[in-house]
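Thanks for sharing this one. Here are a few friendly notes to read alongside the model, starting with the ligand and then moving to the empty space and the backbone.

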Amino acid sequence: MSGLDRRSALKGAGATAAALAAAPLLGGTPKTPSPHSLAQAKGLRFGSATAALDPLGGSVSNPRYAALLEAEVGLLVPENEMKWQALRPGPGAFAFEPFDRIAAYAKARGMALRGHTLLWHRDQWMPAWMKDYDFGVRPAASAERMLRAHIEAVTARYGSQIHSFDVVNETVMPEDGSLAQTVLSRAMGGTEPLVDLAFHVARERLPGAQLVYNDYMGWEPGNEAHRAGVLRLLEGFRKRGVPVDALGLQSHLIVEGKARPQERAWRGFIDAVTAMGYALLITEFDVRGNGLSAAVAKRDAEVAAIGKAYLDLMLSYPQLRDVLVWGLCNRYSWLRSFEPRKDGKETRGCLYDDAFRPVPLRAAIAAAFAAAPKRTG
Ligand code: G3I
């Protein structure tokens, strides 16, 4: 039995944090209590994105990655498998198998599950067939039927297992805070009616679920218009009586040395969001440090420091209860293919390195949970 397998077994047996601390080694590195156990002690949850099928990727079908998930997290979210791009091979077709795999995996291990996402409102991330879809002579009715059918099918299949959905993802344009327009929103006659409908249908189908608007506005300079646009959207939801419970803060942090995070403006943004009664989630945390020096120890330290500073700030808000990372291991992170370093060195924005050894970011996350105020109720 590997060290990780033993840890999982211990965890399954309800081992205490002290027992976990004394558990065997992972990749030759001493292990400390899992971020999830530390989070749980504070009434929080720690989760990760995962893929479904790739036996050599960051997926539940890769035993090495699955062991990491089982040791470290209590909450899963599909990295791609619930998106239209994956679920909808054609206008009338659904391909549920990959996400079924994640759902079955989570259920068998007693792990909670989030839904991402019922509507990623950008043409770029919709299936190719959508581009030329003929919405007919009554396009608004046809678009409404299509969105309803999609949300009804997904919630009917997974609604009993999923307590929290990113109903709409990224409908605010970062450049000027306007609302994205897509084939679907044009057919519908506007973005507001489309995104409002998504939340109304989700609420009809899942009266008890947490319905989330998810976006990537951040605390770095350059996010001013994006933050303002998200605030306008959230205000609009309240005015129109749209059932939205929480804001998902993706939190793909950027650390490039020179640009300091705008901490005051960020607090102002979060204060405004919570003042409207929205809960908060960190949905896709990782650190983009590609402009940092190639020296691994220095880079890891800077990534860990920014991660800790951000989590400390965010965990001071009692409205935040779930923290999810966008993958646990650098080897499989989206950053590797989407944002490779110019010098060809490996990206290091996750908790584990390519050899499955914990990097300082993991200890930083653990320390942030250990220091977090306890949630009650
Ligand atoms: O599955 C196909 C495979 O069959 C095909 O051979 C291959 C060829 O390119 O593509 C595979 O699909 C890729 C998929 O990831 C699975 O690996 C898509 O091309 C690729 O676009 C997709 O990228 C994902 C991206 O969202 C777009 O959906 C990333 O993995 C995923 O990490 C990223 O996640 C997003 C969140 O959903 C929203 N917030 C930002 C975040 C990072 O971009």
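**Notes on the ligand site, the cavity and the backbone**

1. Let's begin with polar contacts to the ligand. In the side chain of Asn80, an N or O atom lies 3.0 Å from an oxygen atom of the ligand. Please keep in mind throughout that this is a predicted model.

2. Two further side chains make contacts of this kind. For Lys83, the distance from a side-chain N or O atom to a ligand oxygen is 2.7 Å. For Trp326, the corresponding distance to an oxygen atom of the ligand is 3.0 Å. On its own the ligand has 790 Å² of accessible area, and the protein covers 52% of that.

3. Which residues come nearest to the ligand? They are Glu79, Lys83, His116, Glu284 and Trp326, out of 15 residues around the ligand. Lys83 and Trp326 thus appear here as well as in the polar contacts, Lys83 with its 2.7 Å distance and Trp326 with its 3.0 Å distance.

4. The shell is mixed in character: five residues are nonpolar, six are polar and four are charged. As for secondary structure, strand β3 (112-120) and helix α14 (334-338) each contribute at least two residues to this shell.

5. Where does the ligand sit? It occupies the largest pocket.

6. Now to enclosed space. Rolling a probe the size of a water molecule over the atoms reveals where empty space remains. Searching the whole structure turns up one cavity of 30 Å³ or more. The largest cavity holds about 50 Å³ of space.

7. The lining of the largest cavity includes Ala49, Gly58 and Tyr65, together with Trp326, Gly327, Leu328 and Cys329. Glu79 and Trp326, both among the residues that come nearest to the ligand, also line this cavity. By class, seven lining residues are nonpolar, three are polar and one is charged.

8. Two backbone details deserve a look. Most residues other than glycine have a negative phi, and most peptide bonds are trans. The peptide bond from His116 to Thr117, however, is cis, with omega near -5 degrees. Thr117 belongs to strand β3, a strand that supplies at least two residues of the ligand shell, and His116 is one of the residues that come nearest to the ligand.

9. What is the sign of phi at Glu170? Phi is positive there, at about 55 degrees, although Glu170 is not a glycine. This residue is found in the loop between β4 (162-169) and α9 (183-188).

How values were computed
Residues are numbered from 1 along each chain as its sequence is written. This is a predicted model: local features need pLDDT of at least 70, side-chain atom pairs count only at pLDDT 80 or more; totals for chains, interfaces and linings use all residues. Side-chain values use heavy atoms; hydrogens and water are left out. A residue is near a molecule or strand if one of its heavy atoms lies within 4 Å of it. A polar contact is a pair of N or O atoms within 3.5 Å; within protein, one must be able to donate a hydrogen and the other to accept it, and residues adjacent in sequence count only if both atoms are side-chain atoms. Accessible areas come from the Shrake-Rupley method with a 1.4 Å probe; for residues, only the protein chains shown count as cover. On a 1 Å grid over the protein atoms alone, a cavity is a set of points where a 1.4 Å probe fits but cannot get out, and a pocket is an open set with protein on both sides within 12 Å along at least five of seven lines; lining residues have an atom within 4 Å of a point. A molecule sits in a cavity or pocket if more than half of its atoms lie within 2 Å of its grid points. Helices (H or I, at least four residues) and strands (E, at least two) are DSSP runs, numbered from the N terminus. Ala, Val, Leu, Ile, Met, Phe, Trp, Tyr, Cys and Pro count as nonpolar, Asp, Glu, Lys and Arg as charged, and the others, Gly among them, as polar. Grid points are joined across faces, edges and corners, and a volume is the space filled by probe spheres set on the points.
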